[in-house]
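Reader: I'm in my first year and still learning how to read a protein model. Could you pick one part of this structure and walk me through it slowly, then show me how other parts look beside it?

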Amino acid sequence: MSQFDNSPEEAVNGLTEEQQQKLQIPDRLPVLLLRDVVIFPYMIAPLYVGREKSKAAIDHSLSTNRMILLLTQKDMEIEEPKREDVYEVGTVALIMRMLKLPDGRIRILAQGLVRARIETFEDEGPFVQARIVTLLEPEQGEKTIELEALIRNVRSGLEKATTLGKAIQPEILVIAANLEDPGRLADLTASNLELKVKEAQEVLEIVDPVLRLKRVYELLVRELELLEMQSRISNEARGELDKLQRQYFLRQQMKAIQKELGEGSELQEEVKVYQEKLKKLRVGDEVREELEKQINRLAQMHPESAETAVIRNYLDWMFSLPWDISTKDNLDLKMARKILDEDHYGLEKVKERIIEYLSVRKLSKKIKGPILCFVGPPGVGKTSLGRSIARALGRKFVRISLGGVHDEAEIRGHRRTYVGAMPGKIIQGLRRAGSNNPVFMMDEVDKIGADFRGDPSSALLEVLDPEQNNSFLDHYLGVPFDLSKVMFITTANLLDPIQPAFRDRMEIIELPGYTEEEKLQIAIRHLIPKQITEHALKPEAIDISEGAVRAIISQYTREAGVRNLEREIAGICRKVARQIAEGKKRKVRITAQNIEKFLGPPKIFRDQLTKKDQVGVATGVAWTAAGGEILFVEATRMQGKGNLMLTGSLGEVMKESAQAALSYARAHAGEFGIEPRIFMENDFHIHIPEGAIPKDGPSAGVTIATAFISVCTNIPVRWNVAMTGEITLRGNVLPVGGIKEKVLAAQRAGIKKMILPLPNKKDLVDIPAKIRQEMQFIFVEDIKQVFREALARPFSQDVVVMAANPKRRKNTVSKTRKIIRVGSGRARKAH
């Protein structure tokens with residue numbers, strides 16, 4: 001069944017109220033199931049009927065009393081609904097007319113009579129029947145002022161809806177104006193509001209006429225708000241359209257006036273300007289053809305077309321790029337070296353590499369730009385070094401940050417089909433530089449992301465490949481651009497996150513950090529003068545002594561770079577500036593003795609060496625992202641069953657190193673004079689302080705083994721010896737990384753002797769000569785060499801360590817003393 005439009009006459013004419021009251025409603029009626037409409041009492045509606053059971057129900061109704069129950073389905077898609085698929089309340093209707101259509105359907109005209117609730121629902125026969133109970137409205141007393149006001153509001157609401165464009169027949173308004181019954185007015189209004197099925201059914205199920213009228217008025221108010229909003233939107237759209245039409249007519253008139261005056265249009269003037277620029281531009285044939293094509297397209301377009309703005313923006317980008325503009329390199333090697341030394345202290349590797357490039361550039365003009373990658377902890381001057389290189393070369397400097405970039409289009413650009421498309425960061429940077437051979441720095445390449453939008457690292461492979469970047473294709477430009485003259489420099493804190501193929505295209509230059517002496521010189525030459533200038537101080541108003549700078553470096557900062565050092569110097573300058581602003585004119589001198597007055601108590605405490613040899617305590621060194629640090633490994637034993645406990649937030653590799661040290665000690669117990677049963681009668685505990693900091697890596701292997709052997713043999717470890725290296729089960733010492741950082745950490749802590757793996761001897765080239773002279777380096781291949789240098793005294797072949805069991809200690813003591821004497825004699829003889 002479906003509803004079709006009813007004529008005004010059908011909607012109004014029907015049975016009178018007296019005729020409806022005379023009709024007797026039987027308690028069992030055939031059911032006509034409605035899909036998408038709710039019929040109210042006194043409402044006349046034409047309906048189409050197509051289902052066979054519904055046709056049978058109509059035939060039965062026409063053959064008896066012409067009455068039928070109209071029930072609405074909850075889901076209109078169900079072909080044969082059950083009781084749970086229909087609403088409980090419907091409308092008893094009288095079939096006024098019936099017409100059979102050629103397509104087999106039936107059209108009926110039904111008038112609602114009264115509400116009814118179904119008691120039973122019988123769908124087994126040829127048609128659906130239901131036992132019903134009619135729902136009579138309660139008797140109304142005297143009409144209250146509130147009810148009268150509600151009726152008037154509903155009437156005025158219907159009239160207002162008509163003025164706002166709601167399609168309501170005039171006859172309906174006349175009937176509503178003459179209705180005094182709130183129930184009938186509610187049903188009449190609800191049937192003309194085009195309510196959703198659920199809302200209409202809710203109104204139908206309200207028996208009380210006053211409550212029903214209130215609910216209908218709420219729905220009417222919502223409908224009025226929607227109509228007002230719809231009218232406002234329509235008026236605004238009409239106003240905008242009128243404005244556009246008015247502008248169009250004015251432009252047409254302006255064109256006609258310009259034509260009469262002999263003047264060209266604005267767009268044609270732009271086309272002429274682009275053509276003049278193209279004549280002067282020195283570009284390849286492919287680029288020239290694309291530009292000519294786009295200029296011709298622009299000349300044929302309407303000035304107000306959206307595509308016109310896109311082409312105009314594209315041409316502006318193309319003509320603003322430095323296709324044939326290059327800066328002249330400074331090939332004076334001495335001047336370049338002077339500039340590099342002025343800006344940065346130390347960093348010899350980087351400076352040598354730049355001078356080498358300039359040397360080759362001086363001999364050959366065809367050399368491609370190098371692609372360097374500066375890797376180091378924060379604050380070592382990677383970015384400022386790139387700016388200094390650009391100054392030394394006499395080139396423009398461009399910097400972009402790639403940290404957090406996820407979209408490949410940030411590198412290659414967006415295609416012009418997208419709204420708001422732009423070139424990628426590479427082309428944008430070249431436009432800012434104004435030359436095609438700048439020093440182009442890309443910061444934070446180790447923090448590039450990758451997700452469903454693409455992998456920017458893969459897009460950079462073409463940019464950073466000297467064999468490919470001479471024809472770099474940006475998606476926005478659509479033509480190749482030559483990047484081979486650009487000197488690319490990238491920076492990173494760590495190498496591990498960088499994609500291997502990406503890393504392979506770059507020349508890695510590590511900036512591990514500065515020594516204390518280098519930091520001192522950087523502060524005196526660069527940081528202090530810079531901060532004095534930035535704080536508007538005069539050099540004669542402040543004097544920071546060398547001792548004060550050393551105190552800041554050692555007691556207030558712990559970093560590989562100088563960023564925090566600069567912050568602390570800035571803090572001193574602020575306090576001096578305040579004193580001067582308050583009227584104190586005398587010169588302020590900062591020394592190591594009064595530094596706490598300006599910066600407060602020390603923030604950093606150096607790792608304190610014990611200054612005495614101890615059993616089970618060995619000094620190691622560790623690499624961190626902020627440089628190096630010394631690391632104490634503590635070992636002890638206690639009565640137990642041979643268990644090994646490891647504490648201090650150790651990673652899996654360090655745990656394996658400890659287990660390897662235990663296995664090595666057990667396997668070679670006889671060589672070190674250790675009684676084998678000590679491993680069965682004692683538990684061993686290895687701890688590395690600062691337990692809140694996670695630690696991992698193989699380089700602590702020799703340190704753990706030394707502390708372990710020390711506690712097993714009861715021989716102290718020298719306090720002024722530091723060590724690093726990986727240990728194997730055979731006792732071999734393997735090389736490790738981060739030697740420069742570790743040596744610097746040991747030197748800062750006051751270590752004078754350091755044990756290193758023999759293969760790491762080559763790494764001493766990176767250590768400053770002054771530190772190499774101050775410290776003694778011992779290179780080892782076997783763990784026994786480590787023990788010989790680190791332990792306070794040599795092993796005795798016959799030494800037997802006392803058992804941990806107190807009951808056996810008496811018998812062991814006398815034997816031990818005798819064996820020690822004999823063993824000592826043998827040791828002296830062997831030595």
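Author: Let's begin with the open sheet of five strands, whose order is β9-β10-β13-β8-β14, with parallel pairing. Strands β9 (397–401) and β14 stand at the edges, each with a single partner strand, so one side of each is left without a neighbour in the sheet. From one strand to the next, the twist averages 20 degrees. Please keep in mind that this is a predicted model.

Now zoom in on strand β8, residues 371–375. As a reminder, strands of a sheet pair through backbone hydrogen bonds, either parallel or antiparallel. On one flank, β8 runs parallel to strand β13 (residues 487–492), and five bridges join the two. If you want a place to point your cursor, try L372, whose bridge partner in β13 is I489. On the other flank, β8 pairs with strand β14 (residues 507–510), again in the parallel sense, over four bridges. Here F374 stands opposite I509 of β14, and V375 has E510 as its bridge partner in that strand.

Is β8 buried or exposed? Five of its five residues are buried, so the strand is largely enclosed by the rest of the structure. It helps to know that in a regular strand the side chains alternate between the two faces of the sheet. In β8, I371, C373 and V375 lie on one side, L372 and F374 on the other, and all of them are buried, so that both faces are covered. C373 counts as buried at 0% relative accessibility.

That cysteine leads to a natural side question: how many disulfides does a search of the whole structure find? A disulfide is a covalent bond between the sulfur atoms of two cysteines. The search finds zero. Another cysteine to look at is C712, which is buried with a relative accessible area of 0%.

Next, follow the chain past β14 to helix α19, residues 516–534. This helix bends by about 45 degrees at A523. A523 is also one of the buried residues of α19, which include E516, L520, I522, L527, I528 and I532. What do the buried residues of α19 pack against? Their partners are β15 (542–544), α20 (546–555), α21 (563–581) and α26 (739–749). After the helix comes A536, with a positive phi near 55 degrees.

Let's turn from strands and helices to charged side chains. Side chains of opposite charge can pair when their charged atoms come close. Across the whole structure, a search finds 44 salt bridges. One of them joins E180 and R155, at 3.1 Å from N to O. E180 lies in the loop between α5 (170–178) and α6 (182–191), while R155 lies in helix α4 (residues 145–163), so the pair ties together parts that are 25 residues apart in sequence. E180 is partly exposed, with a relative accessible area of 40%, whereas R155 is buried, at 16%.

A second pair to find is E290 with R416, whose side chains meet in a salt bridge of 3.7 Å, N to O. This pair links distant parts of the chain, 126 residues apart: E290 is in helix α10 (residues 285–299), and R416 is in the loop between α15 (409–412) and α16 (425–433). E290 is buried, with a relative accessible area of 17%, and R416 counts as partly exposed at 26%.

For a third pair, look at E789 and K753, with their closest N and O atoms 2.9 Å apart in a salt bridge. E789 belongs to helix α28 and K753 to strand β24 (residues 753–757), 36 residues apart, so to speak a link between distant parts of the chain. E789 is partly exposed at 23% relative accessibility, while K753 counts as buried at 17%. Salt bridges can also share partners, and in that way R115, E137, D187 and R212 are joined into one network.

While you are at α28 (residues 783–790), stop at Q785, which sits in this helix. Q785 is partly exposed, with a relative accessible area of 27%. From C-alpha to C-alpha, Q785 and I755 are 9.4 Å apart in space, with their positions 30 residues apart in sequence. Beyond its neighbours within four places in sequence, Q785 is in contact with F779 and V780.

Notes. Residues numbered from 1 in each chain as written. Predicted model: local features only at pLDDT ≥ 70, side-chain atom pairs only at ≥ 80, totals over all residues. Heavy atoms only, no water. Buried < 20%, exposed > 50% of the residue type's maximum accessible area, 1.4 Å probe, protein only. Pairing = 2+ DSSP bridges. Contact = heavy atoms within 4.5 Å. Bend = angle between axes of the 7 residues up to and from the residue. Disulfide = S-S within 2.5 Å. Salt bridge = Lys/Arg side-chain N within 4 Å of Asp/Glu carboxyl O. Axes fitted to C-alpha atoms, helices over the stretch in contact; angles between N-to-C directions.
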